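Dear colleague,

I am handing over a structure to you with this email, and my notes on it follow below. Please keep it open beside the text as you read.

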Amino acid sequence: MGSLYDSYSAYYSDPCLRNADRLWADVYLYDFSDYHEFCQQVSLLRKQFGSRKSLGEMSLTSSGSMGLPRHYQLGPHALYWIFQLERAVKSPEGTDSIIEVSSPLMFVNRPASFEPVTGDLPFPIRYTFRYSGDHRDYLSVLFRHLEKVDVPFVISGLPNTFLFLNAHKDFQSFVQTTRVRGLLSHDWEPFYRKRELIASGVHINDNCINWTTGVNFFTCKANQKHFFPLFVVESDGLINLMNLAEEPINSVDDLVEIGAQRSQCVCGRWYFPLRFFPHVECAIRNRLGKIVFDCELPEKLMAKYLNLQIIQTEERINIYNVTQDVNTEDHAILEDFLRSNDVPGEIVFFSTTSAMCGGKLPTFWAGRYFPMRWYPSQRFI
Ligand SMILES: [Zn+2]
């Protein structure tokens, strides 16, 4: 076995910061040449050490985007791992500043704000932009703030934020011509991407870190997902190799599949293909139980959505579609998409939204869904 296994072995025997640092160096540079053997051996090793509650130096709570938040411990060296992994997946090409841009509908009755985020995160500058005024002014207000940032930065947002932003030519050319180094999206296929953006070389980094399971990935400039060997996929769950404070095996409802073939990406990194789909339990399914999802769908849609959610309940599909510019052709496109995928149930359109659920604002969602706020349709017409 290679040096990565040895580093895990040393770290588990003596989980000091020096060993964590050595382990991270090997994790970061791992070339996946003995990956299958590594997974087998390291999962046995991790199970031997079991749960060591005393090492849980940090208590975390998951976002609760599936309904109920989950509480768990992370450790040892929780902050060390958070720092290294956040930086590695959110800024794979170097340490960038991050501007988090909220969805135009995320905050109600708040003036525009552009606030630095303080804390111990590994980015030189981190700002949050929030705006819930007149949505027609959203882009110009955003640009006014971004133009003042004098270092390269990435723009981070949730699916509906990018669905809205990427539909605007002004935003696309802003991303292509200014200091923006790329777009950062969170653990959904870039449903909100646009072909023009990718074709023009904009780096769209869809990324994820799940601190309970250790699952992580980022998307490189060549549009390939890569992950760090900090978790092992087993038939009955996932093993978080960073965390000694909890039981080794974590059950999970995300779809995580790792392909069999090792390849070298044009970016230079060696990798095994990773397929990830969050919250399988809440995914929309067709009559045969197959997950219905197509990240090409928004390429066909014409309207500029402030919010689009397709929510499957027992009897029907509710489509909440709040747009800046009502486009009835989109209704036919969405209906056709659902029918051609054999999704059962009556399709009902609403010009309202029940967004604001949890942290992820997914566009496709089924069953267990908890609307928190409702907007009267006239507000947006
Ligand atoms: Zn790559």
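**What was found**

Strand β11 (residues 231-234) pairs with strand β12 (residues 237-240) through four bridges, and the two run in the antiparallel sense. Only two residues lie between β11 and β12, which together form a hairpin, and within this pair Glu234 stands opposite Gly237 of β12. Strand β12 is also joined to strand β13 (residues 249-250), again in an antiparallel way, by two bridges, and here Ile239 has Ile249 in β13 as its bridge partner.

Before going further, please bear in mind that this is a predicted model. The protein chain has an average pLDDT of 86, and 89% of the residues score at least 70. There are, however, stretches that ask for more caution: over residues 355-359 pLDDT stays under 50, and the model has 17 contacts beyond four places in sequence for them. Over residues 371-381 pLDDT likewise stays under 50, and for this stretch the model has 15 contacts beyond four places in sequence.

A further sheet is open and has four strands, in the order β20-β19-β18-β21, with mixed pairing. Which strands stand at the edges of this sheet? They are β20 (346-350) and β21 (364-366), and each has a single partner strand, so one side of each is left without a neighbour in the sheet. From one strand to the next, the twist averages 20°. Within the sheet, strand β19 (residues 316-323) and β20 run parallel and are joined by five bridges, and Tyr320 stands opposite Phe350 in β20.

Finally, let us turn to a helix. In α1 (residues 3-13), the residues Leu4, Ser7, Tyr8 and Tyr11 are buried. Why do they lie on the same side of α1? They cover an arc of only 100° around the axis, and this puts them on the same side of the helix. As a general point, an α-helix has 3.6 residues a turn, so residues three or four places apart point the same way. As for what lies over these buried residues of α1, their cover includes α2 (17-29) and α3 (35-49).

With best wishes

Notes:
Residues are numbered from 1 along each chain as its sequence is written. This is a predicted model: local features need pLDDT of at least 70, side-chain atom pairs count only at pLDDT 80 or more; totals for chains, interfaces and linings use all residues. A residue is buried if 20 or more other C-beta atoms lie within 10 Å of its own, exposed if 12 or fewer, and partly exposed in between; C-beta atoms are placed from the backbone. The arc is that of the directions from the helix axis to the C-beta atoms. Two residues are in contact if their C-beta atoms, placed from the backbone, lie within 7 Å. pLDDT is the predictor's confidence in each residue, from 0 to 100. Two strands pair if DSSP finds at least two bridges between them. Axes are lines fitted to C-alpha atoms, for helices over the stretch in contact, and angles run from 0 to 180 degrees between N-to-C directions.
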